[in-house]
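User: Please take a close look at one part of this model, starting from a single helix residue and its contacts. Then place that part in the rest of the fold.

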Amino acid sequence: MTFVVPFDGSELAEAALVRAVEYGDALEEDVTAVTVVPERKRYAREKGWIGEDEAYDVEAVVERLREQVHSLTPAVSFEYERIREFPPEARIAGHIEQLALEHDPSVVFLGSDNVGRVVTPLTSVGVHIAAEESYDVFVVRQRAPPNVDRIQPHTEFYDDDST
């Protein structure tokens, strides 16, 4: 079993990744970050992977995401899937979920500020991933050190934080 983190490079995805490693260290669990990269510019722009007028080099984006993961958490494995289409969020979530399930996760650490709210946007990948019942979901809603005494914070991650 392992902890899996859907990773899109966002601030909350970073926080979820760091939190997964903090808990993984305490519980002796491996951590894997998974990413789905559609080959369409629109999604890349929405995620902030490329600028409005920037050309889309999928391999360069994958490499930036890999470097981002490893700069935060060097021991974490990184896996990705390229998909040709720009599907609805539910289908992207399905691809992420399949990547996660390949690792038989005990917990998926999900960085999201809107999973579980009474009113949930239909465009949230996290909503669909959190609905899976074969693993537990740990939702990271803020970039702040853990509140559990036995969990050692990843100090470099929080040093430059204003929280």
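Analyst: Leaving aside residues up to four places away in sequence, Ala 100 touches Val 4 and Pro 105. These contacts, like everything below, are read from a predicted model. Ala 100 itself sits in helix α4, which covers residues 89-101. Its relative accessibility is 3%, and because the cut-off for buried is under 20%, Ala 100 counts as buried. A further spatial relation involves Tyr 135: this residue lies 35 residues from Ala 100 along the chain, and the two C-alpha atoms are separated by 9.8 Å.

Next, the nonpolar core. The largest one has 43 residues, and the members that touch the most other members are Leu 17, Val 31, Trp 49, Tyr 56 and Phe 109. Helix α1, residues 11-27, supplies the largest share of this core, with eight residues. For Trp 49, the contact list, again without residues up to four places away in sequence, includes the nonpolar residues Val 36, Val 37, Tyr 43, Ala 44, Tyr 56, Val 61 and Leu 65. The charged residues Asp 8 and Arg 64 are also touched by Trp 49. Tyr 56 therefore appears twice here, as one of the core members with the most contacts to other members and as a partner of Trp 49.

Helix α1 also packs against another helix. In general, two packed helices are described by the angle between their axes and the distance between the axes. For α1 and helix α3, residues 58-72, the axes come within 10 Å and cross at roughly 45°. That angle makes α1 oblique to α3, because it falls neither under 35 degrees nor in the range from 65 to 115. The crossing is right-handed. On the α1 side the contact involves Glu 14, Leu 17 and Val 18, which meet Gln 68, Val 69 and Leu 72 of α3. By type, the residues of this contact are four nonpolar, one polar and one charged. Leu 17 thus takes part in the contact with α3 and is also among the core members that touch the most others.

As for the whole protein, the secondary structure consists of six helices and five strands. Along the sequence they follow the pattern β-α-β-α-α-β-α-β-α-β-α. The chain has 163 residues, of which 46% count as buried. Among contacts with a separation of 6 or more, 70% are between residues 24 or more positions apart.

Methods
Residues are numbered from 1 along each chain as its sequence is written. This is a predicted model: local features need pLDDT of at least 70, side-chain atom pairs count only at pLDDT 80 or more; totals for chains, interfaces and linings use all residues. Side-chain values use heavy atoms; hydrogens and water are left out. A nonpolar core is a set of buried Ala, Val, Leu, Ile, Met, Phe, Trp, Tyr and Cys residues joined through side-chain atoms within 4.5 Å. Buried means under 20% relative accessible area, exposed over 50%, partly exposed in between (1.4 Å probe, protein chains only). Helices (H or I, at least four residues) and strands (E, at least two) are DSSP runs, numbered from the N terminus. Contact means heavy atoms within 4.5 Å. Axes are lines fitted to C-alpha atoms, for helices over the stretch in contact, and angles run from 0 to 180 degrees between N-to-C directions. Angles under 35 degrees count as roughly parallel, over 145 as roughly antiparallel, 65 to 115 as roughly perpendicular and the rest as oblique. A crossing is left-handed if the near helix is turned anticlockwise from the far one by less than a right angle, and right-handed if clockwise.
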